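Me: I'd like a close look at the open and enclosed spaces in this protein, with a few words on the backbone around them. Could you take me through it at your own pace?

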Amino acid sequence: MPDSPLDLILLPTWLVPVEPAGVVLRDHGLGIRDGKIVIIAPRQTILKHSALQIRELPEHVITPGLVNAHGHAAMTLFRGLADDMPLMTWLEQHIWPAEAKWVSEAFIQDGTELAIAEQLKGGITCFSDMYFFPEIASQQVHSSGIRGHITIPVLDFPIPGARDAAEALHKGLELFSDLKHHPRIKIAFGPHAPYTVSDDKLSNINVLAEELEAGIHMHVHETAFEVQQSLELYGERPLARLARLGLLGPRFQAVHMTQVNDEDLELLVASNTSVIHCPESNLKLASGFCPVEKLWNAGVNVAIGTDGAASNNDLDLLGETRTAALLAKAVAGSATALDAHRALRMATLNGARALGLEAEIGSLEVGKAADICAFNLSGLAQQPVYDPVSQLIYASSRNCVEHVWVGGKQLLENAKLTRMDEAHIVAKTRAWGEKIAAKA
């Protein structure tokens, strides 16, 4: 029996699989069947296969979909609300009071929908979300078609949707059970930060994560003040405290890590902990610099996240990756630090690995999900194209994103969302903005 027809063949000018590293395939095609990549081959070879649809993509480079490894999706509704101030002032005097006043199920629904739409238009096919009412965020992931890594928020004080940590974890375990077989949603634990979660709660989370083989996603070493505070309260740095409690390991995702000494580096390497780098948020809040090249050279898996739009102020992972590449060179004092190909890997496969999804996404390989982004490099600002990856990282913007597929389903076509009503989302967002501004 001959093979059934492919659902779709993509024929770009350039194909960047990310794995193997540093490879650019010219005049190759990619075939999709049942949401999976089933063949990558030279153009003439792949055209010997029948397909329900053949898509020519001249002057396009296709890559794995981008993976936004850290963010707070619904905070898009606070975009620009409190700018140009340090982290703790921003949190304690502006963001936490705004959250107490405004965050509700409706806020999470509309804010997450806005974030998903923005991310899809920027080539992001998978995002990690660390925010309140995770069940509502999960519903938005399900309906939109994007892939999501949704974390259960845990803090020492009451939060929207949970009176205490016990209720947050109880609801989280229910959500984990409900969605454990969902093809596009992965549930993890999201204790906010070492300075907002006590030892007993962290130990409880660690036990649950071990039992469920779930990830733990946490802000760690975001500022020098956080580290100093921990030394005064616990007599040890936050990362050392987390190691003592048993949290570090392949499923632990340490977000920010702007303060890294030799002992911290040893802990990260020995535990195989992933680091999520958020350069633009760190720069805007003057939190510090993550030593990406030092971590990478030591063997630490470094991924990239936008953080929330309240502190960034966008969810532009391509732009974030360019900033990461440039900043890494300045921090390392070397023009060779974090070259374009490694930067793209950080935004794709490294992100998938950090979230425990590397077997499914993050690279264009046979057997993986067809999470794909097509960038149009035909524009004036992209000419001439010597290396499409360099052109993508250093000379392009998210406006070059033309098509996006998640699990083989097209969610962005000719830069237009296929499942989401952009005009309606904008109208709802403006209504929220007017309401929040009137009470500010």
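Me: To start with, how do the residues of the lining of the largest pocket divide into nonpolar, polar and charged?

Reply: Happy to help, and please keep in mind that this is a predicted model. The lining of the largest pocket divides into 20 nonpolar, 8 polar and 3 charged residues. The pocket itself holds about 400 Å³ of space. Its lining counts 31 residues, and L91, W96, E99, Y131 and H192 are the closest to its centre. As for secondary structure, α2 (87-102) and β8 each supply at least two residues of this lining, and α2 gives the most, with 7 residues.

The second largest pocket has a volume of about 330 Å³. It is lined by 20 residues, of which P250, S274, R353, A354 and E358 are the closest to its centre. By class, this lining divides into 6 nonpolar, 9 polar and 5 charged residues. Helix α14 (residues 349-354) gives the most to it, with 3 residues.

Now for the enclosed spaces. There are 3 cavities of 30 Å³ or more. The largest cavity has a volume of about 80 Å³. Three elements give two or more residues to its lining: α4 (134-144), β8 (147-154) and α5 (165-179). Among these, α5 gives the most, with 3 residues. The full lining is made up of F133, P134, E135, I152, P153, I159, P160, G161, A162, A168, K171 and G172. By class, that is 8 nonpolar, 2 polar and 2 charged residues. You may recognise β8 from the largest pocket, where this strand also supplies at least two residues of the lining.

F133, from the lining of the largest cavity, deserves a second look for its backbone. The residue is found in the loop between β7 (124-130) and α4. Its phi is near 45 degrees, a positive value in a residue other than glycine. Most residues other than glycine have a negative phi. F133 has a relative accessible area of 11%, so this residue counts as buried, the cut-off being under 20%.

The second largest cavity has a volume of about 60 Å³. Its lining consists of V16, V18, A21, G22, V23, H341, L344, R345 and V389. Helix α13 (residues 340-346) provides the largest share, 3 residues. What makes this cavity worth a look is where its lining comes from: domain 1 (6-64 + 370-407) and domain 2 (66-355) each contribute at least three residues. By class, the lining has 6 nonpolar, 2 polar and 1 charged residues.

Several backbone details can be read alongside that lining. The peptide bond from E19 to P20 is cis, with omega near 5 degrees. P20 is in the loop between β1 (8-15) and β2 (25-26). A cis peptide bond also joins Q383 and P384, with omega about -10 degrees, and P384 is in the loop between β14 (372-376) and α15 (388-395). Most peptide bonds are trans. Then there is L338, in the loop between α12 (317-332) and α13. Phi of L338 is near 40 degrees, again a positive value in a residue other than glycine. L338 is buried because its relative accessibility is 0%.

Let me finish with a helix whose geometry you can check by hand. Helix α16 (residues 422-439) has 18 residues, so at 1.5 Å a residue it should span 26 Å, and its end C-alpha atoms are indeed 26 Å apart. Within α16, I425, K428, W432 and I436 are buried. These four cover an arc of only 70 degrees around the axis, which means that they sit on the same side of α16. On the other side of α16, A423, R430, E434, A437 and A438 are exposed.

If you are setting up a view of your own, the largest pocket, with L91, W96, E99, Y131 and H192 closest to its centre, gives one place to begin. The second largest cavity, with at least three lining residues from each of domain 1 and domain 2, gives another.

How values were computed. Residues are numbered from 1 along each chain as its sequence is written. This is a predicted model: local features need pLDDT of at least 70, side-chain atom pairs count only at pLDDT 80 or more; totals for chains, interfaces and linings use all residues. Side-chain values use heavy atoms; hydrogens and water are left out. On a 1 Å grid over the protein atoms alone, a cavity is a set of points where a 1.4 Å probe fits but cannot get out, and a pocket is an open set with protein on both sides within 12 Å along at least five of seven lines; lining residues have an atom within 4 Å of a point. Grid points are joined across faces, edges and corners, and a volume is the space filled by probe spheres set on the points. Ala, Val, Leu, Ile, Met, Phe, Trp, Tyr, Cys and Pro count as nonpolar, Asp, Glu, Lys and Arg as charged, and the others, Gly among them, as polar. Domain bounds come from an automatic or database domain assignment. The expected span of a helix is 1.5 Å times one less than its number of residues. Buried means under 20% relative accessible area, exposed over 50%, partly exposed in between (1.4 Å probe, protein chains only). The arc is that of the directions from the helix axis to the C-beta atoms.
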